[in-house]
Amino acid sequence: MQKKGMKTFTLVLFLVVLGVLGYYIHLTNGAPGHEDVTPSSEKDILLQYDMVADYPKTVRETVKLHCRYLKYTYNTGLTKECSEDDVFVLNQKMRQLFDDELLDLNTPEKQLEALKKDILLYQSNKQKFVSYTLAEPSQIEYNTEGDTEYAKMTVNVAMTMDGASFAMDEEYILRKNQEGQWKILGWMVVGQDKQNVEEEEK
């Protein structure tokens with residue numbers, strides 16, 4: 001009788017725990033805004049980013065968003081994770097961060113074709129964006145020419161290529177448009193980690 005009573009007690013306890021757990025899950029799923037608790041993937045965030053309502057407010061935020069697009073697109077583009085259609089949308093999103101002068105030099109078709117070639121080159125070289133470090137706000141250089149505001153800032157990009165790691169500095173130039181948005185005029189590599197370069201040359 002004792003064994004039977006113990007089995008019954010265990011079963012009842014199990015059902016109580018199960019019921020409490022089920023009720024908790026029900027409350028959690030039914031809570032307002034619960035659907036927003038689960039974080040979206042970086043891909044979803046970048047593909048769905050609203051450049052009209054949520055355009056970056058500062059120079060640093062604009063460059064940071066561009067770096068996020070570059071890192072994700074180059075690291076995963078033209079794969080099962082990031083299809084050719086996805087790359088098309090990502091390219092369109094990046095273009096919305098560009099100044100009109102830069103857009104005039106690169107048609108959507110021309111830029112998309114160049115992007116695809118670069119992605120394939122990265123893949124063949126086993127090259128990856130690892131991280132990027134943005135200059136602090138105090139390190140951003142501003143100047144005004146006439147009524148137009150410009151800004152210059154540096155980003156340190158850490159990468160790997162065929163197992164070897166290296167870092168490089170990229171300089172961004174931005175211009176503020178009539179809507180008060182900072183737009184990218186261009187960017188270029190201005191320096192590379194000397195120690196890693198020497199190690200690669202050996």
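Colleague: How much space lies in the second largest pocket?

Modeller: About 160 Å³. Keep in mind that this is a predicted model.

Colleague: Which residues line the second largest pocket?

Modeller: The lining is made of D99, D100, T148, R175, K176, N177, Q178, E179 and K183.

Colleague: What makes up the lining of the second largest pocket by class?

Modeller: It has 6 charged and 3 polar residues, and no nonpolar ones. Asp, Glu, Lys and Arg count as charged, so D99, D100, R175, K176, E179 and K183 fall in that class. T148, N177 and Q178 are then the polar part, because they are on neither the nonpolar nor the charged list.

Colleague: And the largest pocket, what is its volume?

Modeller: That pocket has about 370 Å³. Its lining has 18 residues, and L70, Y74, L115, D118 and W187 lie nearest the centre. By class, there are 11 nonpolar, 4 polar and 3 charged residues.

Colleague: Which element gives the largest share of the lining of the largest pocket?

Modeller: Helix 6, with 6 residues. At least two residues each come from helix 3, helix 4 (84–95), helix 6 (108–124) and strand 4.

Colleague: How many cavities of 30 Å³ or more does the structure hold?

Modeller: There is 1, with about 40 Å³ of space in it. What makes it a cavity rather than a pocket is that a 1.4 Å probe fits inside but cannot get out, whereas a pocket is open.

Colleague: Which residues line the largest cavity?

Modeller: C67, L70, K71, F129, Y132, V157, E170 and Y172. Helix 3 (59–76), strand 1 (127–134) and strand 4 (164–176) are the elements that give two or more residues to this lining. The largest share, 3 residues, is from helix 3. Sorted by class, the lining has 6 nonpolar and 2 charged residues, and no polar ones. K71 and E170 are the charged pair, because Lys and Glu are on the charged list.

Colleague: Why is helix 3 said to be largely enclosed by the rest of the structure?

Modeller: Count its buried residues: 13 of the 18 in helix 3 are buried, so the rest of the structure largely encloses it. From its first C-alpha to its last, helix 3 reaches 26 Å, close to the 26 Å expected at 1.5 Å a residue. For the chain, 31% of the 202 residues count as buried.

Colleague: Which residues are buried in helix 6?

Modeller: Q111, L112, L115, K116, I119 and Y122 are buried in helix 6. Seen down the axis, the buried residues of helix 6 fall within an arc of 135 degrees, so they line one face of the helix. E109, K117 and S124, on the other side of helix 6, are exposed.

Colleague: Why is the aromatic pair of Y122 and F129 called stacked?

Modeller: Planes under 30 degrees apart count as stacked, and these are at 10 degrees, so the name fits. The centres lie 6.0 Å apart, and the cut-off for a pair is within 6.5 Å, so Y122 and F129 do count as one. Both Y122 and F129 are buried. Ring pairs also join Y74 to Y122 and F129 in a cluster, and the structure holds 6 aromatic pairs.

Colleague: Where is L78 found?

Modeller: L78 sits in the loop between helix 3 and helix 4, just after helix 3. Its phi is near 60 degrees, a positive value in a residue other than glycine.

Colleague: Why does L78 count as partly exposed?

Modeller: L78 has 26% relative accessibility. Buried means under 20% and exposed means over 50%, so 26% lands in between, as partly exposed.

Colleague: Is D162 buried or exposed?

Modeller: Exposed: D162 has 56% relative accessibility, and the cut-off is over 50%, so it passes. D162 lies in the loop between strand 3 (148–161) and strand 4. D162 is not a glycine, yet its phi is positive, at about 55 degrees.

Colleague: What pattern does the chain follow, read along the sequence?

Modeller: It goes α-α-α-α-α-α-β-β-β-β-β-α, with 7 helices and 5 strands in the chain.

How values were computed. Residues numbered from 1 in each chain as written. Predicted model: local features only at pLDDT ≥ 70, side-chain atom pairs only at ≥ 80, totals over all residues. Heavy atoms only, no water. 1 Å grid on protein atoms, 1.4 Å probe; cavity = no way out; pocket = protein on both sides within 12 Å on 5 of 7 lines; lining within 4 Å. Points joined across faces, edges and corners; volume = space filled by probe spheres on them. Helix = DSSP H or I, 4+ residues; strand = E, 2+ residues; numbered from the N terminus. Phe/Tyr/Trp six-rings, centres within 6.5 Å; stacked < 30°, edge-to-face > 60°. Buried < 20%, exposed > 50% of the residue type's maximum accessible area, 1.4 Å probe, protein only. Arc of directions from axis to C-beta. Expected span 1.5 Å × (residues − 1).
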